[in-house]
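Trainee: I'd like to go through this one label by label and ask where each label comes from. Can you pull it up?

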Amino acid sequence: MAELKVAFSPDDSKIFEQTTQVSTVDIDDPVSYFEIYESVQFIKDGNFKRVALQFPDELLKYAKFIVSKIEELTFNKEEVTSNKEEVTSNKFYVLADTSYGNCCVDEVAASHIQADAIIHYGHSCLSVTEKTPTFYVFGRSKLNLDDFSLCTNKLFTENKVLLLYDVKYYHYVEVIKDLLKKFEQTIDIAHLVIYKKKSESASPACLNSFTFLGRQFNLKFDLLVYKILFIGEEGLTLRNLMMRFNKNQFYVYNPSLLSLTLQQVNINKSLMKRFYLIQKAKDAQIVGIVMGTLGIEKYKEIVQRLKKVLKHAGKKYYTFIMGKLNVAKMANFMEIDIFVLVACPENSLIDSKEYFKPIITPFELEIACLNSREWNGEYLTDFCELLEGGLSYLDIKDDDGFVEPEYSLITGQLRSGVNKIENNFDSSNEIALINENNKLVAHNITNASDFLLRRTWQGLQINSNYTEVHKAVDGRAGIASDYLNELEYKN
């Protein structure tokens, strides 16, 4: 554990220091671990002049070393001595606090300094970026090959195995292939797409070929016959893989603990929780589309599709861009019945039990809104699979839009059958009720303005005829735990 000091200087007269604990990574050989020479070659090949280096918190302590080393290796002394004119050298910028998630390439922050390339350090979801050339440095974690072979030999001997691995072990793939050569007829390895060689492309012998979570799957057999072996630790990557392939048995080899375990996580329980959220989405009238990314390829297309799906289902929607999610941010929009998050596969599954309103994925929203989208146990977290050309694409035009009367599993009330396509909440035929003051009121709250009118407190308002005008005065300065004007009370 290491201490991180943060300084606050609200009036340039006093410095407040705050310490927090951040987990760090201890590395024996930083030059090899962070692929310094490969990074320099990437910069030179692309002739990049403004490069953003994106770090997660646990690797920040190595930022100074990495930048100085890359600057040293990219500095061309011959070019400086031969040219009389001033030479424009490479500029490197460290990106630390990411806009969304550490696993995603932060094109938003990189655009602020007009970077023409990004080097991403640490774990990655491998989502395809929108426009900026990116070089990934996962880190070269160690794998004990002798122990791996000893622990997994029986598994490989008796079963058909699909081998997956965390990105920080990618550099062992070729060695593992040689190690398991005697089992090559019954083993398939999913390769990272960005490092995939031409020889690893799908062949006619492959029964099933697809891409998921930045990995290319070229399978010899039907997916259901495989036992899946994952090299790595428990985390978001493993959880997404288990949700996606929830009908397969998962074995996990943990290189840190030198252990092979059958993963006993109750996926059915997790799926039932997600099914509950789908039922909540069916009852929702106002949906918030939350942008959890502005850099992943095709994020604009999925937002447009979600809007069409919601319009098709007769639901109101609003779009929000708010960076990283937290409970306080989401609580500002109580008029929203449910949120749908557009993010990378690893950040899509939000455990929203602490939030005031549920948060679902685009796939779950489509199940709730489209009759033609049925849940057969398959679970998707990559929104690209829902778009045209994706494995699970459905044409919205083919959906009849009619909902048969059914009981809501959430409210216990009957959802009446309606034609969602023809349903128009702005028409004069909307159902109305008479309240105790004999005034007509709308039966359903269909937009945020209606919700605001029904609230007992509607925020600060200026009433020009009643509000007294006061001169502006100095407010509080400092931080909440130590305001400057509170010093007199402490004495």
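Mentor: Here is a conversation about this predicted model, taken one label at a time.

Trainee: Let's start with the overall picture. What makes up the protein?

Mentor: The protein has 15 helices and 26 strands. Of its 491 residues, 42% are buried. The protein exposes about 28,300 Å², with carbon and sulfur atoms supplying 50% of that area. Take contacts between residues at least 6 apart in sequence: 63% of them join residues at least 24 apart.

Trainee: Why is Met-272 called exposed?

Mentor: The cut-off for exposed is over 50% relative accessible area. Met-272 has 54%, so Met-272 counts as exposed. You'll find Met-272 in helix α9, residues 267–283.

Trainee: And what makes Met-272, Phe-275 and Leu-409 a patch?

Mentor: Patch members need over 30% relative accessible area and no salt bridge, and nonpolar side chains are joined within 5 Å. Met-272, with its 54%, clears that area cut-off. Together with Phe-275 and Leu-409 it forms a nonpolar surface patch of about 320 Å² of accessible area.

Trainee: How do you know that Asp-97 is exposed?

Mentor: Same test: the bar is over 50%, and Asp-97 has a relative accessible area of 67%, so Asp-97 is exposed. Asp-97 is in the loop between β4 (91–95) and α5 (107–112).

Trainee: What does Asp-97 touch, leaving out residues up to four places away in sequence?

Mentor: Asp-106 and Lys-324. As for Pro-56, 41 residues away along the chain, its C-alpha atom is separated from that of Asp-97 by 7.7 Å.

Trainee: Now strands. What makes β9 and β11 a pair?

Mentor: Pairing takes at least two bridges. β9 and β11 (residues 215–219) have 2, in the antiparallel sense, so they qualify as a pair. One bridge partnership is Leu-192 with Arg-215 in β11.

Trainee: Why are β9 and β10 called edge strands?

Mentor: The open sheet has 3 strands in the order β9-β11-β10, with antiparallel pairing. β9 (191–192) and β10 (208–212) each have a single partner strand, so one side of each is left without a neighbour in the sheet.

Trainee: What makes β17 mostly covered?

Mentor: Buried means under 20% relative accessible area, and 5 of the 5 residues in β17 (338–342) are buried. Ile-338, Val-340 and Val-342 point one way, while Phe-339 and Leu-341 point the other. In a regular strand, side chains alternate between the two faces of the sheet.

Trainee: Which strands pair with β17, and in what sense?

Mentor: β15 (residues 286–291) pairs with β17 in the parallel sense over 5 bridges, and β18 (residues 359–360) does so in the parallel sense over 2. Val-290 stands opposite Leu-341 in β17, and Phe-339 stands opposite Ile-359 in β18.

Trainee: Last one. What makes a set of residues a nonpolar core?

Mentor: The residues must be buried and nonpolar, and joined through side-chain atoms within 4.5 Å. The largest such core here has 57 residues, and those with the most contacts inside it include Leu-162, Leu-164 and Phe-217. Helix α10 (residues 299–312) gives the largest share of this core, 6 residues. Another core, of 33 residues, lies apart from it, with Tyr-136 and Val-161 among its members.

Trainee: What is Leu-164 in contact with, beyond four places in sequence?

Mentor: Its contacts include Ala-190, Phe-217, Ile-228 and Leu-241.

How values were computed: Residues numbered from 1 in each chain as written. Predicted model: local features only at pLDDT ≥ 70, side-chain atom pairs only at ≥ 80, totals over all residues. Heavy atoms only, no water. Patch = residues over 30% accessible without salt bridge, like charges linked within 9 Å, V, L, I, M, F, W, Y side chains within 5 Å. Areas by Shrake-Rupley, 256 points an atom, 1.4 Å probe, with all protein chains shown as cover. Salt bridge = Lys/Arg side-chain N within 4 Å of Asp/Glu carboxyl O. Helix = DSSP H or I, 4+ residues; strand = E, 2+ residues; numbered from the N terminus. Buried < 20%, exposed > 50% of the residue type's maximum accessible area, 1.4 Å probe, protein only. Contact = heavy atoms within 4.5 Å.
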